[in-house]
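Me: I would like to learn how to read a few structural features, going from ring pairs to cores and on to empty space. Could we work through them one by one on an example?

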Amino acid sequence: MEAPARDIWGPARQIPNALTVLRFAAIPLFIWLLLQDREGPSWWAGIVFALAAITDQVDGFLARRWHVESAFGKVADPLADRLMIDTAVVMLVVLDRLPWVALVILLRDVVLVGGYKLVAPRGFELEVSMLGKVATWGLYASICLVLVTREGTWWPLAIFWVSLALAVVAAAGYILKARRELRR
């Protein structure tokens, strides 16, 4: 009798999802660290935020490379990004390090998450566009730079506004694509 084939990856297959869960778990730590350095620069909060950004890239890469994409990862990964970025924006607005207009990102994300809940049961699968990825990376980078520079440093804010504009354009693209596909 032949021995069953061993799955050489075994528990390693869960690493991408574990990294996503770690991003969710990093949010309270990020908040606590940011509150320790309210006026900035907030190096420790910036490091945690940067690590969250890196895990976003690593978990997707590993899932694709190892062919272990999951339904959980397809929903949880972008949600973890949205929650981390949105939490950072809200905190930076509360601490007066970003203007309140930056909260438009919350509206964008509420529309996307709410819209996804409406279209997913009808068979629509959200695939993140290259523009959406660039916008997310720009937001991660610019927020990290806002965290680790002195209040009022202009260039991280410029990167933030460009990235936010790209994120809004990407959201419009997702909405139009869902609308087109669901009309078929």
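Me: Where do Trp137 and Tyr140 lie, and how many residues apart are they?

Reply: This is a predicted model, and in it both Trp137 and Tyr140 belong to helix 5, which spans residues 130-148. They are three residues apart, about one turn of the helix.

Me: Which aromatic pairs does a search of the whole structure find, and how should I read their geometry?

Reply: The reading rests on the angle between the ring planes, where under 30 degrees counts as stacked, over 60 as edge-to-face and the rest as tilted. The search of the whole structure finds four aromatic pairs. One of them joins Trp137 and Tyr140, whose ring centres are 6.3 Å apart with 55° between the planes, so that the pair is classed as tilted. Another is formed by Phe160 and Trp161, which stand 5.1 Å centre to centre with 75° between the planes, and therefore this pair is edge-to-face.

Me: Are the partners in these pairs buried or exposed, and why are they classed that way?

Reply: The class follows from the relative accessible area, because under 20% is read as buried, over 50% as exposed, and values in between as partly exposed. Tyr140 is buried, because its relative accessible area is 1%, whereas Trp137 has 32% and is therefore partly exposed. In the other pair, Phe160 counts as buried because its relative accessibility is 0%, while Trp161, at 31%, is partly exposed.

Me: Which residues form an aromatic cluster with Trp137 and Tyr140?

Reply: Phe30 and Phe49 join Trp137 and Tyr140 in one aromatic cluster. Phe30 and Phe49 also appear in the largest nonpolar core, where they are listed with Val89 and Ile143 as the residues with the most contacts inside it.

Me: How many residues does that core have, and which elements supply them?

Reply: A core is read by asking which buried nonpolar side chains are joined to one another, and then which elements they come from. The largest nonpolar core has 32 residues, and the elements that give two or more residues to this core are helix 1, helix 2, helix 3, helix 5 and helix 6. Helix 5 provides the largest share of this core, eight residues. There is also a second, separate core of six residues, which includes Leu19, Ala63, Trp66 and Val68.

Me: Which residues is Val89 in contact with, once its neighbours within four places in sequence are left aside?

Reply: With those neighbours left aside, Val89 is in contact with Leu98, Ala102, Leu103, Ile105, Ile143 and Phe160. Two of the names recur from earlier turns, since Ile143 is among the residues with the most contacts in the largest core and Phe160 is the buried partner of Trp161.

Me: How do I read a residue in a loop, such as Pro99?

Reply: One places the residue between its elements and then looks at its accessibility and contacts. Pro99 lies in the loop between helix 3 and helix 4, and is partly exposed because its relative accessible area is 36%. Apart from its neighbours within four places in sequence, Pro99 is in contact with Val93 and Trp161. From Pro99 to Gly114 there are 15 residues in sequence and 25 Å in space, taken C-alpha to C-alpha.

Me: How is empty space found, and what does the search give here?

Reply: Empty space can be traced by rolling a probe the size of a water molecule over the atoms. In this structure the search finds one cavity of 30 Å³ or more, and the largest cavity has a volume of about 50 Å³. Its lining consists of Arg97, Val146, Thr149, Arg150, Glu151, Gly152, Thr153 and Leu157, which by class gives two nonpolar, three polar and three charged residues.

Me: What is the volume of the largest pocket, and what lines it?

Reply: The largest pocket has a volume of about 1400 Å³, and of the 43 residues that line it, Lys74, Pro78, Leu126, Glu127 and Val128 are the closest to its centre. Helix 3 gives the largest share of this lining, nine residues, and by class the lining has 20 nonpolar, nine polar and 14 charged residues.

Me: How would you describe the protein as a whole?

Reply: The protein has six helices and zero strands, and its C-alpha atoms fill a box of roughly 70 × 45 × 20 Å along the principal axes. Of its 184 residues, 40% are buried.

Note on methods. Residues are numbered from 1 along each chain as its sequence is written. This is a predicted model: local features need pLDDT of at least 70, side-chain atom pairs count only at pLDDT 80 or more; totals for chains, interfaces and linings use all residues. Side-chain values use heavy atoms; hydrogens and water are left out. Rings of Phe, Tyr and Trp (its six-membered ring) pair if their centres lie within 6.5 Å; planes under 30 degrees apart count as stacked, over 60 as edge-to-face and the rest as tilted. Helices (H or I, at least four residues) and strands (E, at least two) are DSSP runs, numbered from the N terminus. Buried means under 20% relative accessible area, exposed over 50%, partly exposed in between (1.4 Å probe, protein chains only). On a 1 Å grid over the protein atoms alone, a cavity is a set of points where a 1.4 Å probe fits but cannot get out, and a pocket is an open set with protein on both sides within 12 Å along at least five of seven lines; lining residues have an atom within 4 Å of a point. Grid points are joined across faces, edges and corners, and a volume is the space filled by probe spheres set on the points. Ala, Val, Leu, Ile, Met, Phe, Trp, Tyr, Cys and Pro count as nonpolar, Asp, Glu, Lys and Arg as charged, and the others, Gly among them, as polar. A nonpolar core is a set of buried Ala, Val, Leu, Ile, Met, Phe, Trp, Tyr and Cys residues joined through side-chain atoms within 4.5 Å. Contact means heavy atoms within 4.5 Å.
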